[in-house]
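Me: Could you walk me through some of the labels used for this structure? I'd like to see the reasoning behind each one.

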Amino acid sequence: FVRALFSKRFEALGFAPKPGEDEDTRLLRPQLIGTLGWHGKDPKVLAQARTLAEQWLTDRKAIHPDVLDVVLSLAGGFADAALHEKFLVAAKAEKDRADRGRLLGALADSHDRALVQAQLPIALTETFEMREAMRLVWGAANDFRTRDLALSFVQSHWDAMITRLPKDGGAGLVWLASGLCNEKERDAARAFFDGRSTKYLGGPRNFAIAMEGVDLCIAWRARHTASTVAFFEKRK
């Protein structure tokens with residue numbers, strides 16, 4: 001469905017800006033790449049993203065700045081173990097903070113459960129500064145396919161993580177559960193974070209907002225699931 005809607009438009013744009021393009025077209029390009037890659041799983045887009053990302057590892061000019069972040073995100077998100085390891089090795093060696101952040105972002109966008117589970121413990125090591133390493137945890141929590149791994153990791157290593165975070169950093173960890181969207185997981189998260197994240201400055205407010213967001217998602221899902229299913233059933 002996504003490919004049918006957007007592929008033709010993207011084929012006219014490609015991965016790099018053309019001379020004379022207006023600003024709206026340049027802003028549209030990364031949006032189309034992300035939509036076709038993440039939601040359409042377009043094989044051509046994903047293959048090109050991987051090729052460009054591998055080239056970028058040795059040549060920082062291989063990807064146009066307009067699409068750099070989305071290309072690395074897709075390449076990391078769909079990376080196999082070999083490419084994932086290349087990103088990790090590059091991140092460890094990278095001295096530029098911005099590029100190191102991009103590499104960590106690519107690692108964090110992985111939705112391969114085995115790769116995610118293997119890299120989460122990096123947050124407990126001195127490999128990266130803690131605030132950078134937390135991108136790996138946040139990335140896992142932001143994807144429904146790996147969210148349970150992030151929450152389980154935090155629950156198992158709460159004390160070790162708190163000692164490495166800045167003062168009152170524990171107040172924000174409840175946001176790791178903000179993407180939940182069913183009652184059982186919400187209740188488990190509520191039981192864990194209440195009394196932990198809430199004892200830090202700002203914690204009670206974060207907790208209340210995060211849990212309210214989960215409740216809103218549950219209500220939204222209940223209201224719109226049937227109509228969404230019906231919409232796509234008609235387009236099979």
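Me: What makes the packing of α8 and α9 oblique?
Reply: Happy to help, and bear in mind that this is a predicted model. Helix α8 (residues 130-141) and helix α9 (residues 147-156) pack at an angle of about 130°, with their axes 6 Å apart. Roughly perpendicular covers 65 to 115 degrees and roughly antiparallel starts over 145. An angle of about 130° fits neither range, so the pair counts as oblique.

Me: Which residues meet there, and how do they divide into nonpolar, polar and charged?
Reply: From α8 come Val137, Ala140 and Ala141, and they meet Arg147, Ala150, Phe153 and Val154 of α9. That contact divides into 6 nonpolar residues, no polar ones and 1 charged.

Me: Why is Arg100 called buried?
Reply: Its relative accessibility is 13%, and buried means under 20%, so Arg100 qualifies. Arg100 sits in helix α6 (residues 97-108).

Me: How do you know that the side chain of Arg100 reaches the backbone oxygen of Glu94?
Reply: The distance is 3.1 Å, and a polar contact needs a pair of N or O atoms within 3.5 Å. The side chain of Arg100 also reaches the backbone oxygen of Lys95, at 3.5 Å.

Me: Which residues of the largest nonpolar core touch the most other members?
Reply: Those are Phe87, Val137 and Phe193, out of 68 residues. Helix α8 gives the largest share of this core, 7 residues. Beyond its neighbours within four places in sequence, Phe193 is in contact with residues including Leu151, Trp158 and Phe207.

Conventions. Residues are numbered from 1 along each chain as its sequence is written. This is a predicted model: local features need pLDDT of at least 70, side-chain atom pairs count only at pLDDT 80 or more; totals for chains, interfaces and linings use all residues. Side-chain values use heavy atoms; hydrogens and water are left out. Helices (H or I, at least four residues) and strands (E, at least two) are DSSP runs, numbered from the N terminus. Buried means under 20% relative accessible area, exposed over 50%, partly exposed in between (1.4 Å probe, protein chains only). A polar contact is a pair of N or O atoms within 3.5 Å; within protein, one must be able to donate a hydrogen and the other to accept it, and residues adjacent in sequence count only if both atoms are side-chain atoms. A nonpolar core is a set of buried Ala, Val, Leu, Ile, Met, Phe, Trp, Tyr and Cys residues joined through side-chain atoms within 4.5 Å. Contact means heavy atoms within 4.5 Å. Axes are lines fitted to C-alpha atoms, for helices over the stretch in contact, and angles run from 0 to 180 degrees between N-to-C directions. Ala, Val, Leu, Ile, Met, Phe, Trp, Tyr, Cys and Pro count as nonpolar, Asp, Glu, Lys and Arg as charged, and the others, Gly among them, as polar.
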